[in-house]
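Good morning, everyone, and thank you for coming. Before I begin, please take a moment to look at the sequence and the structure, and then we will walk through them together.

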Amino acid sequence: MKVAILGCGLIGERRGLQIAPHEIVGVYDPDAERANSLAKKLNTRTFQNEEDLLKNSRCDIVIIATQNNQLAPLALKAIEALKHVLVEKPAAIQVNELVALKEAAKKSKVAVKVGFNHRFHPALMKAKELCDEGALGELMFLRGRYGHGGRLGYENEWRSNAKISGGGELIDQGVHLLDLIYYFLGPLPHHTSMVTTSYWPIKVDDNAVLTLSDGKKWATFHVSCSEWKNTFSLEIYGRTGKILIGGLGKSYGKETLTYYRMLPEMGPPESKTFEFDSEDRSWSHDLENLVNHITSGSPLLGDLDSALYALKQVREAYRANGFLNLPCSV
Ligand SMILES: NC(=O)c1ccc[n+]([C@@H]2O[C@H](COP(=O)([O-])OP(=O)(O)OC[C@H]3O[C@@H](n4cnc5c(N)ncnc54)[C@H](O)[C@@H]3O)[C@@H](O)[C@H]2O)c1
């Protein structure tokens with residue numbers, strides 16, 4: 001497959017470095033320095049603008065890794081140019097943009113994957129395998145924590161600018177946890193939420209606690225960008241056991257999964273811990289999932305439906321907590 005990249009920032013580069021065995025055919029970023037630097041690293045060429053790239057790169061797949069407010073408009077252009085698309089999460093800043101993308105993708109008969117790469121972290125892949133083989137029995141509930149501590153000047157970054165980001169921490173790290181809830185338990189609706197701006201001098205949220213429930217299964221999580229020790233923790237509970245995932249590598253700590261199996265006599269469970277090495281190949285698996293879907297029709301893991309689910313929950317929580325001026329609450 002021939003792959004091109006729109007957006008040469010942190011994630012464009014991360015994805016660009018994991019294109020192989022596919023071929024990179026070009027990149028574009030309005031920041032020419034970034035575009036040139038990534039093109040050099042990937043040994044490829046730059047294009048004049050997005051139209052030039054879509055028209056002349058002969059790519060099969062476009063990776064879109066721009067700031068949030070550019071994701072859906074660029075994805076739409078790529079779809080209309082009959083390209084398959086891997087668009088970063090949250091894929092849009094408004095629910096109606098995602099609905100339009102779904103319609104356009106159907107009309108153009110192209111595949112659109114959303115960059116929910118957490119599904120392809122080894123601990124998450126192992127968790128899915130254990131759940132699918134019934135190791136936990138019937139699933140009951142899930143509990144998650146995800147956060148980082150920002151950095152000096154975070155209040156001036158695009159993530160803190162609602163017009164560009166669509167919202168705050170909930171639309172940023174929150175959508176990953178919402179996607180994982182969708183993946184493991186299905187589209188659980190909003191039950192209760194608390195969304196706050198606790199620390200940063202910004203007009204978007206920096207902390208959110210959500211509970212989702214369909215009356216039987218439920219999930220609850222806290223996301224934060226005033227989490228002073230970078231944290232990722234996910235617990236999945238079934239009737240006969242639980243899984244505890246901790247870390248995502250690097251600053252989030254070693255990625256581990258512990259499987260606890262309840263014994264018939266109850267009491268302390270048996271446990272087994274798996275540790276995963278620190279190289280993050282989730283970006284490459286994410287792309288491979290899209291390629292396999294295109295070439296052999298295998299399911300897309302993290303698609304516009306999961307993005308739509310996630311963004312609707314974000315919108316609901318923003319509305320319920322009085323964050324009515326954010327693009328995402330429309
Ligand atoms: N999957 C993940 O785990 C994960 C992690 C971090 C960020 N992200 C997502 O990735 C996206 C990018 O985040 P980032 O941290 O790389 O941001 P960034 O600011 O480092 O990079 C964004 C780049 O997009 C460029 N850009 C803006 N408009 C453009 C256009 N029209 N065409 C081409 N390029 C354009 C900017 O100049 C910038 O270089 C965001 O949507 C973010 O939510 C995903």
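Let me start with the ligand: which of the 27 residues around the ligand come nearest? They are Ile11, Asp29, Arg34, Asn68 and Trp158, and I should say at once that what you are looking at is a predicted model.

If we sort the shell around the ligand by class, we find 10 nonpolar, 10 polar and seven charged residues. Two helices deserve your attention here, since α1, which runs over 10-16, and α4, which runs over 68-80, each supply at least two residues of this shell. The largest share comes from α4, with four residues of the shell around the ligand.

Now let us turn to the individual polar contacts, taking them one at a time. Asparagine 68, which we have already met among the nearest residues, places a polar side-chain atom 2.7 Å from an oxygen atom of the ligand. In asparagine 117, an N or O atom of the side chain lies 3.0 Å from a nitrogen atom of the ligand. With glycine 115 the backbone takes part, for one of its N or O atoms lies 3.2 Å from a nitrogen atom of the ligand. As for the ligand's surface, the ligand taken alone exposes 860 Å², and the protein buries 88% of that.

Where does the ligand sit? The ligand sits in the largest pocket, and that pocket holds about 1400 Å³ of space. The lining of the largest pocket is made up of 47 residues, of which Leu10, Ile11, Arg14, Arg159 and Trp283 are the closest to its centre. Looking at the elements instead, we see that α1, α4 and α8, the last of these covering 169-185, give two or more residues to this lining. By class, the lining of the largest pocket consists of 14 nonpolar, 19 polar and 14 charged residues.

Apart from the pocket, how many cavities of 30 Å³ or more are counted? The count comes to one, and the space in the largest cavity is about 30 Å³. Among the residues that line the largest cavity are Tyr154, Arg159, Asp172 and Cys225, and you may recall that Arg159 was also named for the lining of the largest pocket. The cavity lining divides into four nonpolar, two polar and four charged residues.

I would like to finish with the backbone, where three places in the loops are worth finding on your screen. The peptide bond from alanine 20 to proline 21 is cis, with omega near 15°, and proline 21 belongs to the loop between α1 and β2, the strand at 23-28. A cis peptide bond also joins lysine 89 and proline 90, where omega is about 5°; to find proline 90, follow the loop between β4, at 84-87, and α5, at 95-108. Finally, asparagine 43 has a positive phi of about 55°, although this residue is not a glycine, and asparagine 43 is placed in the loop between α2, at 32-42, and α3, at 50-56.

How values were computed: Residues are numbered from 1 along each chain as its sequence is written. This is a predicted model: local features need pLDDT of at least 70, side-chain atom pairs count only at pLDDT 80 or more; totals for chains, interfaces and linings use all residues. Side-chain values use heavy atoms; hydrogens and water are left out. On a 1 Å grid over the protein atoms alone, a cavity is a set of points where a 1.4 Å probe fits but cannot get out, and a pocket is an open set with protein on both sides within 12 Å along at least five of seven lines; lining residues have an atom within 4 Å of a point. Grid points are joined across faces, edges and corners, and a volume is the space filled by probe spheres set on the points. Ala, Val, Leu, Ile, Met, Phe, Trp, Tyr, Cys and Pro count as nonpolar, Asp, Glu, Lys and Arg as charged, and the others, Gly among them, as polar. A residue is near a molecule or strand if one of its heavy atoms lies within 4 Å of it. A polar contact is a pair of N or O atoms within 3.5 Å; within protein, one must be able to donate a hydrogen and the other to accept it, and residues adjacent in sequence count only if both atoms are side-chain atoms. Accessible areas come from the Shrake-Rupley method with a 1.4 Å probe; for residues, only the protein chains shown count as cover. A molecule sits in a cavity or pocket if more than half of its atoms lie within 2 Å of its grid points.
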